[in-house]
Amino acid sequence: MSIRKDWNTYFLDIAYMASTRSQCSRRHVGAALVQGKKLLGTAYNGAPMGVADCSEAGCLIVEELEIKLLDNGEEEMTRKQRCVRTIHAEQNLLLFTDRRDREGSVVYVTDQPCWTCANMLANSGVIEIVYHRAYPKDSDKVKELMMQLGIKFIHMENYSPPASIEIEVIN
Ligand SMILES: [Zn+2]
Ligand SMILES: [Zn+2]
């Protein structure tokens with residue numbers, strides 16, 4: 001007999017289902033908007049409609065220098081590659097849902113939002129963000145922002161995605 005899933009697991013599963021639509025080979029991100037247990041929309045990271053996506057045109061890679069603060073207080077520079085062809089899942093979710101519907105809603109997302117998405121979500125009317133995979137870049141800044149605004153920011157560390165979903169992440 002299978003155990004009935006709790007709501008957070010259920011909606012994170014849906015976010016993961018949405019992520020399977022992503023064509024970016026570096027990271028499949030999915031998001032779901034939920035208002036009082038009702039699903040209002042799903043989204044994934046992808047190129048704008050009518051434009052070649054990563055599977056057709058290849059990822060559009062940029063290299064950035066990232067500063068990481070070490071435990072001893074020193075800073076370390078690392079080179080990071082990112083794909084900038086796609087609109088992030090959270091941004092697509094905001095583009096395809098209504099502001100009035102979002103007031104007081106919850107966003108479920110497979111990955112911890114980046115700094116830009118975190119700021120957009122913070123201004124979108126949502127009151128809670130539930131995510132699964134950690135995303136270290138700007139993580140401290142993002143957490144501080146959410147705390148400042150009183151937005152619940154929940155890391156579902158012990159969650160595991162549905163077994164049928166292929167997980168591929170290139171950091
Ligand atoms: Zn890509
Ligand atoms: Zn983002």
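**Notes on the predicted model, starting from S22**

1. S22 first. This residue sits in the loop that links α1 (7–19) to β1 (30–35). Keep in mind that we are looking at a predicted model.

2. Is S22 buried or exposed? There are 23 other C-beta atoms within 10 Å of its own, and the cut-off for a buried residue is 20 or more, so S22 counts as buried. Its contacts, leaving out residues up to four places away in sequence, are H28, V29, Y44, N45 and G46. As for S55, which is 33 residues away along the chain, its C-alpha atom is separated from that of S22 by 9.3 Å.

3. Now the annotated site. Under "binding site", the UniProt record (an unreviewed entry) lists H88, C114 and C117. These residues span 30 positions in sequence, but no two of their C-alpha atoms are more than 9.1 Å apart, so they gather at one spot.

4. Taking H88 on its own: you'll find it in the loop between β4 (75–83) and α3 (89–95). It has 22 C-beta neighbours inside 10 Å, so H88 goes down as buried. Which residues does H88 touch, once neighbours within four places in sequence are set aside? They are V29, N45, C114 and C117. V29 and N45 also turn up among the contacts of S22, so it's worth viewing S22 and H88 together.

5. C114 is in a loop too, the one running from β5 (106–111) to α5 (115–122). Here the C-beta count inside 10 Å is 19, and because buried starts at 20, C114 counts as partly exposed. Beyond four places in sequence, C114 is in contact with H88, Y135, K137 and D138.

6. On to helix packing. How are α5 and α6 (residues 139–149) arranged? Their axes lie 10 Å apart and make an angle of about 10 degrees. Angles under 35 degrees count as roughly parallel, and that is therefore the label for this pair. From α5, the contact uses W115, A118 and A122, while α6 brings K141, V142, L145 and L149. Sorted by type, the residues of this contact are six nonpolar, no polar and one charged.

7. About the domain: the UniProt entry, again unreviewed, carries the annotation "domain: CMP/dCMP-type deaminase" over residues 6–153. Within residues 6–153 the chain is 32% helix and 30% strand. The C-alpha atoms at the two ends of that stretch are 18 Å apart.

8. Stepping back to the whole chain, I find six helices and seven strands. Read from the N terminus, the order is α-β-β-α-β-β-α-α-β-α-β-α-β. Of the contacts between residues at least 6 apart in sequence, 57% join residues at least 24 apart.

9. Last, the overall dimensions. The C-alpha trace spans about 45 × 40 × 40 Å along its principal axes. What radius of gyration would a compact globule of 171 residues have? The figure is near 16 Å, and the protein chain has 16 Å, so the two agree. Of the 171 residues, 32% count as buried; S22 and H88 are both in the buried class.

Terms used: Residues numbered from 1 in each chain as written. Chains lettered and ligands numbered in written order. Predicted model: local features only at pLDDT ≥ 70, side-chain atom pairs only at ≥ 80, totals over all residues. Helix = DSSP H or I, 4+ residues; strand = E, 2+ residues; numbered from the N terminus. Buried ≥ 20, exposed ≤ 12 C-beta atoms within 10 Å, placed from the backbone. Contact = placed C-beta atoms within 7 Å. UniProt positions renumbered as here; feature names shortened; annotations may be inferred. Axes fitted to C-alpha atoms, helices over the stretch in contact; angles between N-to-C directions. Parallel < 35°, antiparallel > 145°, perpendicular 65-115°, else oblique. Nonpolar A, V, L, I, M, F, W, Y, C, P; charged D, E, K, R; others polar. Rg over C-alpha atoms; globule rule 2.2 N^0.38 Å.
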